[in-house]
Amino acid sequence: MSNNDEKSSYEGLPVSLDKKLGVPVWNDVRELKLRYRMSLGKIKKFFSALSEGKIMATKCKHCGRIYFPPQADCPYCMRSDMEWVDVPNEGVLETFTIVNIKPTTFSHYDDYVLAIARFGDGIKVLAWLRVDEKSRVRIGMRVKLTVIKRIPEGYYTFELEPID
Ligand SMILES: [Zn+2]
C-alpha cells in the first residue's frame, strides 16, 4: 500500500501518517482538560508551612535521608518514621533550561527558567528560577528557595532565586 492509498482510505477522518512510525495515527479533535485532586495526607504540613512563607522537607529518622518535595515514607527503609526539617538557606545551581515553548497549560506565562539546585545534604530541588536577566544564569551560582505567589492564579508556591 503506498502513502497515497493510506491517505485516501482515511478521507474525512482526523487521521494522518506518522512519518517517524510509518503508521496512520488518530489525531483527536477534542482537547482534554485534567484537574488533579490529591489528598495531602501526611505531608499537609508542607502546604500549611508554605502558606506561612516556609519551605520544609522530610527527613527519615532511621537513615537520615532528606526528601524534597517531602515524602511521608522512606523508600530505602520502608518506614514512615519521618520528621520535618527546614531546607538549607543556600543551594548551588546544578543545571537549568530556558523554556520558550511551553505546555498548553503554561502558555499564559512568560518564558521561564526551569532549574535544579542542590541544597546541603543532597536535597535536589526542581523549580522555576526567578531572574530578571536570563542571560546571567550560570551553573554553580548560589541560589535560595523562596515562597512566591504564582501570578495570575494567586497561589503560594516556591521558586529558586539567585543570592546576590
Ligand atoms: Zn530511611
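**Entry 1: cis prolines**

I began with Pro 152, and placed it in the loop between β9 (142-150) and β10. The model is predicted, so I kept to its computed geometry. The bond between Ile 151 and Pro 152 is a cis peptide, with omega about 10°. I then looked up Pro 69. That residue lies in the loop between β4 (66-67) and β5 (82-86). The peptide bond from Phe 68 to Pro 69 is cis, and I read omega near -5°.

**Entry 2: the loop between β4 and β5**

I stayed in this loop and turned to Met 78, which is found between β4 and β5. Met 78 is not a glycine, yet I noted a positive phi of about 60°. Is Met 78 buried or exposed? Its relative accessible area is 71%, so I logged Met 78 as exposed, the cut-off being over 50%.

Asp 73 also has its place in the loop between β4 and β5. I found Asp 73 partly exposed, at a relative accessible area of 36%. I took its distance to Arg 35. The two are 38 residues apart in sequence and 25 Å apart in space, C-alpha to C-alpha.

**Entry 3: the largest pocket**

I went to the largest pocket next. Its volume is about 1,400 Å³. I counted 30 residues in the lining. Which residues lie nearest the centre of the pocket? I listed Tyr 36, Met 38, Phe 106, Arg 150 and Tyr 155.

Then I asked which elements give two or more residues to the lining. They are α2 (44-51), β8 (123-129) and β10 (155-162). β10 gives the most, with four residues.

I sorted the lining by residue type. It divides into 19 nonpolar, five polar and six charged residues. I also checked the domains. Domain 2 (40-86) and domain 3 (89-164) each supply at least three residues to the lining.

**Entry 4: rings around Phe 106**

Phe 106 is one of the residues nearest the pocket centre, so I looked for aromatic partners. My search of the whole structure gave nine aromatic pairs. How is the pair of Phe 106 and Tyr 109 arranged? The ring centres are 5.6 Å apart and the planes stand at 65°, so I entered this pair as edge-to-face. The cut-off for that label is over 60 degrees.

Phe 106 also pairs with Tyr 112. Here I read 6.1 Å centre to centre and 45° between the planes, and the pair is tilted.

I compared the exposure of these three residues. Phe 106 is partly exposed, with a relative accessible area of 29%. Tyr 109 is buried at 10%. Tyr 112 is buried too, at 8%. Buried here means under 20%.

**Entry 5: Arg 150 over two rings**

I returned to Arg 150, another residue listed nearest the pocket centre. Over which face does Arg 150 lie at 3.9 Å from the ring centre? I found the face of Trp 128. The charged end of Arg 150 also sits over the ring of Tyr 109, 5.7 Å from the ring centre. Tyr 109 is thus in two of my notes: under the charge of Arg 150, and edge-to-face with Phe 106.

**Entry 6: an aromatic cluster**

I looked up which residues join Phe 158 in one aromatic cluster. They are Phe 46, Phe 47 and Phe 68. I had already met Phe 68 at the cis bond to Pro 69.

From Phe 158 I went across to Leu 129, which has its place in strand β8. Leu 129 is buried, with a relative accessible area of 5%. Leu 129 and Phe 158 are 29 residues apart in sequence. In space I got 9.5 Å, C-alpha to C-alpha.

**Entry 7: Ser 51**

I closed with Ser 51, found in helix α2. Ser 51 is partly exposed, at a relative accessible area of 43%. How far is Ser 51 from Phe 96? They are 45 residues apart in sequence, and I got 26 Å in space, C-alpha to C-alpha.

Conventions
Residues are numbered from 1 along each chain as its sequence is written. This is a predicted model: local features need pLDDT of at least 70, side-chain atom pairs count only at pLDDT 80 or more; totals for chains, interfaces and linings use all residues. Side-chain values use heavy atoms; hydrogens and water are left out. On a 1 Å grid over the protein atoms alone, a cavity is a set of points where a 1.4 Å probe fits but cannot get out, and a pocket is an open set with protein on both sides within 12 Å along at least five of seven lines; lining residues have an atom within 4 Å of a point. Grid points are joined across faces, edges and corners, and a volume is the space filled by probe spheres set on the points. Ala, Val, Leu, Ile, Met, Phe, Trp, Tyr, Cys and Pro count as nonpolar, Asp, Glu, Lys and Arg as charged, and the others, Gly among them, as polar. Domain bounds come from an automatic or database domain assignment. Rings of Phe, Tyr and Trp (its six-membered ring) pair if their centres lie within 6.5 Å; planes under 30 degrees apart count as stacked, over 60 as edge-to-face and the rest as tilted. Buried means under 20% relative accessible area, exposed over 50%, partly exposed in between (1.4 Å probe, protein chains only). A charge sits over a ring if NZ of Lys or CZ of Arg is within 6 Å of the ring centre and within 35 degrees of the ring normal.
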